[in-house]
Amino acid sequence: MSRVLVTGGAGFIGSNFVHYVLANTDHTVTVLDALTYAGNRASLDGLPADRFEFVHGDIRNAELVDELFARHDLVVHYAAESHNDNSLHDPRPFLETNIIGTYTLLEAARRHGTRFHHISTDEVYGDLELDDPARFTEDTPYNPSSPYSSTKAGSDLLVRAWVRSFGVQATISNCSNNYGPFQHVEKFIPRQITNVLTGERPKLYGAGENVRDWIHANDHSSAVLTILEKGVIGETYLIGADGEKNNKDVVELILQLLGQEPDAYDHVVDRPGHDMRYAIDSTKLRTELGWMPQFSDFESGLADTIEWYRAHTGWWGPEKAAAEARYKEQGQ
Ligand code: NAD
Ligand code: TDX
């Protein structure tokens, strides 16, 4: 039994991880989350009071962070500004949370000798051409494109430096695009599902040829737990489930699953600097740590996700109008 501190645990992937850990281990969990627009306390409703604590606070608050590190064995760091489109309009919060926030946590890990796992993204590697047979591996050079991905790349490099210079007990994982319950309606899949559910047409950036490598959030959680249990300090592990799909195919599948015509969507202004393709080779995690994804059928995972959004209009409804208003300003 370990005492696990999860930063950003009221966000999409963090909340899925908290549910997963409480259901599959005997660990206790504390969430530290600032409840930005992306955090939702309701994503953590109903968790067992004797094993779960919520702390409302900012990862840049060194005093609070220090007090929390003193009473936890493991820290899993999900907190971030996470949306590329937002980073193109106002990069500053990305520097604050992703860089200064990670630095604040690393300093606490250094002081307390706490085991630290840093959650990152495949976007640090830049993008691949559509016809390139290559996939990202742990040896791919960093080449981030957006303010978001460059701050995530910077945070990864801080972790590596704190391991090497100060002996911090850290691992890093870089995962591909997640889908599943509790994802904010600004993101691609929930935006299109909730557009259809509210009578709006889905919005595809550009021609929709961009490829993302989809993984169910539960598979991300099981991978992180595996790294916490068996990962080697100082190592980086790529997490992916061989789920490459282009955006157009995903929109058409969402429309089909919701009983709409497959062409009932709009092409809108493309994202500046839009990465073309991400693809993960997760051989290291699979062969060295024995991890395997469980959600191999994207269509059925997507159908379950659609059902979740249909059943939880009270969870996403209050955010929908504001998210769409932000997009409308950009012609998206
Ligand atoms: P999210 O935006 O849904 O959640 C982020 C959470 O962090 C929110 O609850 C927010 O309130 C909290 N937060 C933000 N700033 C904070 C601060 N200064 N102090 C404390 N809490 C703060 O993000 P997500 O999609 O769940 O992503 C979680 C992590 O996983 C991020 O580090 C992201 O880079 C990484 N990641 C995401 C994906 C993906 O597909 N979404 C893929 C790979 C990696
Ligand atoms: O309305 C849309 N229409 C559209 O075509 C939106 C919101 C997105 N898109 C496209 C852009 C991308 O090619 O869909 C794809 C996915 O977009 P996002 O959900 O914004 O994800 P992405 O930019 O790929 O980044 C995600 O995966 C990696 C997460 O948001 C990051 O936090 C993670 O690091």
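Buried means under 20% relative accessible area, exposed over 50%, and partly exposed in between, using a 1.4 Å probe and protein chains only. Keep that scale in mind for every stop below.

This is a predicted model, so local features need pLDDT of at least 70 and side-chain atom pairs pLDDT 80 or more, while totals for chains, interfaces and linings use all residues. Residues are numbered from 1 along each chain as its sequence is written, chains are lettered from A and ligands numbered from 1 in written order, and side-chain values use heavy atoms, without hydrogens or water.

**Whole chain**

Show the protein chain as a cartoon. It has 11 helices and 13 strands; these are DSSP runs, H or I of at least four residues for helices and E of at least two for strands, numbered from the N terminus. The C-alpha atoms fill a box of roughly 55 × 45 × 40 Å along the principal axes. The radius of gyration is 19 Å, in agreement with the value near 20 Å for a compact globule of 332 residues. That radius is taken over C-alpha atoms, and the globule rule is 2.2 Å times the number of residues to the power 0.38.

Colour by accessibility next. Buried residues make up 56% of the 332. Contact means heavy atoms within 4.5 Å. Among contacts between residues at least 6 apart in sequence, 81% join residues at least 24 apart.

Now colour by charge. There are 29 positive and 49 negative side chains, with the centres of the two sets 3 Å apart. Lys and Arg count as positive, Asp and Glu as negative; His and the chain ends are left out. Each charge is placed at NZ of Lys, CZ of Arg, CG of Asp or CD of Glu.

**The cores**

Select Phe-17, Val-18, Ile-189 and Ile-239. These have the most contacts inside the largest nonpolar core, which has 56 residues. Such a core is a set of buried Ala, Val, Leu, Ile, Met, Phe, Trp, Tyr and Cys residues joined through side-chain atoms within 4.5 Å. A second, separate core of 21 residues includes Ile-59, Leu-105, Val-159 and Ala-170.

Zoom in on Ile-189. Beyond four places in sequence, Ile-189 touches Tyr-179, Trp-214, Val-250, Ile-254, Phe-298 and Leu-302.

**Strand β4**

Go to Val-76, in β4 (residues 74–77). Val-76 is buried, at 0% relative accessibility. Its contacts more than four places away include Val-4, Val-6, Phe-17, His-117, Ile-119 and Leu-228. Val-224 is another contact. Draw a distance between Val-76 and Val-224: 148 residues apart along the chain, their C-alpha atoms are separated by 8.6 Å.

**Loops**

Select Lys-187, in the loop between β7 (178–179) and α6 (188–197). Is Lys-187 buried or exposed? Lys-187 is buried, because its relative accessible area is 15%. Outside its neighbours within four places, Lys-187 is in contact with Ser-82 and His-83.

Move to Asn-61, in the loop between β3 and α2 (62–70). Asn-61 is partly exposed at 34%. Its C-alpha lies 9.2 Å from that of Leu-105, 44 residues away in sequence.

Two backbone checks remain. Most residues other than glycine have a negative phi. Leu-35 has a positive phi, near 50 degrees. Leu-35 sits in the loop between β2 (28–33) and β3 (52–56) and is partly exposed at 28%. Asp-242 also has a positive phi, of about 55 degrees. Find Asp-242 in the loop between β11 (236–239) and β12 (244–246); at 48% relative accessibility, Asp-242 counts as partly exposed.
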